[in-house]
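Me: Could you take a close look at the loops in this one for me, backbone oddities especially? Keep it casual, but walk me through them properly.

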Amino acid sequence: MKTLCKRSLGVILTLLLMVGMVCAGGYSVIAADTDKESSGGSVHSAAGHTIYFMNNNNWSRVNCYMWNEDQGNANNASWPGEAMTDEGDGVWSYDIKGDYNMVIFNDGSSQTGNLDYPGDSMIYDNGFKEYDTNPLKVKAFESSVASPQYIGSSIVFTAAAKSDGSVIEYQYSVNGTVTQNYSTNSTFTWNPVSTGEYTIKLDVKDDIGNANTKELTYEIKDPSNEVKPIFLSSSPATKTQIKTGAMANISVNAAGGNTGTKLLFYKFVVKDPSNTQINTAYYTLNKNYSFTPTVAGNYTVEVSVQSSDNTTITQKLTYESTGTVTTTSTTTSTTSTVPTGLLGDVDNSGVVDVADATLIQKYVNHKPVNNFLVERADYNKNGKIDIRDVTAIQKSLLG
């Protein structure tokens, strides 16, 4: 059912219009203004324009119903409007033949709300935005993390374009300086080293003479004074392939934590393709971690970074384990999965004593500890390292 919004007609004119429609056998519903999705104002000169719709709901057909509120609701066709043209990739188009300032997209039963017509070459995709009508279309240009970011970050830009050509090449520039020349590589990794405002420009071209460009802006800040922990990068980068049966060595780069002891603590939680955790995770001062994927598929490494005031951030890294390596064992090999040596002997002195309890207490309170074997610290075997492990050691020493 279509809905029409009346902005300025008076009550008498509204009633007369409804009576006239009833007498003529017509049918209409006059909706309140609150039922309308506004896109920023009406446009009254629409003839010759083209409007687009992203068919996110996979309607089998899409209609465009348009009317002009300022001209007695003159419309482009009776409800549900005129059929739109399927352009592929979920995009439908409609060439406007008159002057209208309102639009509804529908499939004959489901529909959008009443929308202000936004102007030529705009697409409705949960809101109106500019539609790229270039023969070489940039389908996507996005970054792995949003602005602002920090010195030392690793920011990955990815792009996708489409044309009738057989070869598409991508070039990236930062503040006007080309940092990655034209190639078929559509991904660019940027590691900013200075604070400031930056423009990341993408240029694309194909082999039949078409070209296009898009830009993203970024603010880069200095992380040294940040109190909260900040995740900057990982090596290898997330979404990198790793080898099944071979040890994967993960290293992370974080900053911030400018409070208390100014130390950062790291915890790595590794999950296999079935989403089963395969390691025992503890906070340590070590920002490196190793594990061996035993089956092919996607592994996730959830890295938690904690400052001395217990403020914590977590970053999820994903790695695709692929290929096979000949091995005599199918047991998962991880660091710190099974404690080795004497449980509780965190200083590796050969005995469990007061010195071990003191080290664990310092660790729990985020104090600096050296030569600390964290995999032996869970003395009471409850899966956590806390003050109860200290108490358990003290009780065992008292007999």
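Reply: Pro148 sits in the loop that runs between β14 (137–143) and β15 (149–150). Keep in mind that this is a predicted model. The peptide bond joining Ser147 to Pro148 is cis, with omega at about 0°.

There's another cis peptide bond earlier in the chain, and it joins Trp79 and Pro80. Omega for the Trp79–Pro80 bond comes out at about 15°. As for where that happens, Pro80 belongs to the loop between β6 (74–75) and β7 (82–83).

Now for phi. Asn126 isn't a glycine, yet its phi is positive, near 55°. You'll find Asn126 in the loop between β12 (122–124) and β13 (128–130). Is Asn126 buried or exposed? Its relative accessible area is 69%, and the cut-off for exposed is over 50%, so Asn126 counts as exposed.

Asn175 also has a positive phi without being a glycine, at about 50°. Its loop is the one between β17 (168–174) and β18 (177–183). With a relative accessible area of 42%, Asn175 is partly exposed, because that value falls between the 20% limit for buried and the 50% limit for exposed.

To put the loops side by side: Pro80 and Pro148 each follow a cis peptide bond, while Asn126 and Asn175 each carry a positive phi.

Notes:
Residues are numbered from 1 along each chain as its sequence is written. This is a predicted model: local features need pLDDT of at least 70, side-chain atom pairs count only at pLDDT 80 or more; totals for chains, interfaces and linings use all residues. Side-chain values use heavy atoms; hydrogens and water are left out. Helices (H or I, at least four residues) and strands (E, at least two) are DSSP runs, numbered from the N terminus. Buried means under 20% relative accessible area, exposed over 50%, partly exposed in between (1.4 Å probe, protein chains only).
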